[in-house]
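User: I'm new to this one and would like to learn how to read it. Can you walk me through it, feature by feature?

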Amino acid sequence: MIKKNVFGVLPDGRNSYSYTIFDDSGQSVVLSDYACAILQINVLDRNGKLRDVALGYDLLNDYLNDKRFFGATVGRYANRIANAEFTLNGNTYKLAKNDGKNHLHGGVNGFSKKLFNSTIKDDNSVMFQYFSPDMEEGYPGNFNLNVTATFTNGELTFNYQYSSDKDTPANITNHNYFNLNGHGTGNILSHTLMINSDEYCRGDSGLLAQAPSVPVENTPFDFRTPKKIFSGISTHSKEIINAFGGYDHCFRINRSENNFAACAIGDASEIKLEVFSDMPAMQLYTGNQLGIVQGKNGELYNSFDGFALECQHFPNAMNEPLFNDPGALIKAGTLNDAFIRFKFSTI
């Protein structure tokens, strides 16, 4: 069952709508056509109580002014592009420098600042569509993006389909911040995390991923065996805290038959999140720079109060052949697809 409601009114007078998708157990997700964003994820904990495990805001106006990408679909290219430029087919394209000297998450007015067209597809799915014109935010090509969001049996799946009439970089992800104990319950440092990755990308002073990826073994980036998030931060404070404020690093996901990428468990709720995707990489961000922000229900969020697992193509892949990620550059006239699935259960 899906309920559609007016979420708010944009400055230009257009309505924004929210969609609540229920599964058979009474769990639900709430999505917005603004930024194609996750507003709520209400799932059952070990005691059968619903907890909203997504950070966010109550009002559309807060999303209009948001700089943290709460729950948003980001693109045309997620993560960072070095020096905010790339060369393609003999042409150099200049992008907005909205993250120091680099370009981040599609620019100043990327997909996280757009109103998507939206249609209820069936009892469990909503389709969101956005058309990005040639040279929007500096990217070549008229770009079409379809996002089908489906929620059933505790699984939230985003299926992405996209195409362009010119060759262009493309990297779409969802930037939800999770707290599996429930938003507003404090930090996520005692969550248990496992990442299906043998290699990660070192970051430079601007947090730009460096190629090639290197082994996680004997580093604080080794999450192949489940461990508390704080264990890597606390025992490697010089490398993690001082340099980056926490984790904000890209991992090369090991390919597997079921496309498993990561698993996290809330220490108080025992809610388990499993992440699956066919994309080659995933950014772990532990909310290091959240600062203090008023979120839903008057809750104050602080740094480390949520974490993001952003399945994606490699950052800066169009400039860095050592990542060996040809899917980060799409060819004119081709239909491209990818998916991310968030599966919720309890241990």
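Analyst: Happy to. Start with the secondary structure: the protein chain holds three helices and 29 strands. Keep in mind that this is a predicted model.

User: How compact is the protein chain for its 347 residues?

Analyst: Here you compare the radius of gyration with what the globule rule gives. The radius of gyration is 19 Å, close to the rule's 20 Å for 347 residues, so the chain is as compact as a globular protein of that length. Along the principal axes, the C-alpha atoms fill a box of roughly 60 × 50 × 40 Å.

User: What share of the residues is buried?

Analyst: Buried means under 20% relative accessible area. In this protein chain, 57% of the 347 residues are buried. As for what's left on the outside, the chain exposes about 13700 Å², with carbon and sulfur atoms supplying 46% of that.

User: And what about the charged side chains, how many are positive and how many negative?

Analyst: There are 29 positive and 37 negative ones, and the centres of the two sets sit 3 Å apart.

User: How many aromatic pairs turn up in the whole structure?

Analyst: The search finds 24. One of them is Phe-314 with Phe-323, a stacked pair at 4.8 Å centre to centre, with 10 degrees between the planes.

User: Are those two rings buried or exposed?

Analyst: Phe-314 has 0% relative accessibility, so it counts as buried. Phe-323 is also at 0%, so it counts as buried too. Elsewhere, ring pairs link Phe-7, Tyr-57, Tyr-63, Phe-70, Tyr-177, Tyr-285 and Tyr-301 into a cluster.

How values were computed
Residues are numbered from 1 along each chain as its sequence is written. This is a predicted model: local features need pLDDT of at least 70, side-chain atom pairs count only at pLDDT 80 or more; totals for chains, interfaces and linings use all residues. Side-chain values use heavy atoms; hydrogens and water are left out. Helices (H or I, at least four residues) and strands (E, at least two) are DSSP runs, numbered from the N terminus. The radius of gyration is taken over C-alpha atoms; the globule rule is 2.2 Å times the number of residues to the power 0.38. Buried means under 20% relative accessible area, exposed over 50%, partly exposed in between (1.4 Å probe, protein chains only). Accessible areas come from the Shrake-Rupley method with a 1.4 Å probe; for residues, only the protein chains shown count as cover. Lys and Arg count as positive and Asp and Glu as negative; His and the chain ends are not counted. The place of a charge is taken as NZ of Lys, CZ of Arg, CG of Asp or CD of Glu. Rings of Phe, Tyr and Trp (its six-membered ring) pair if their centres lie within 6.5 Å; planes under 30 degrees apart count as stacked, over 60 as edge-to-face and the rest as tilted.
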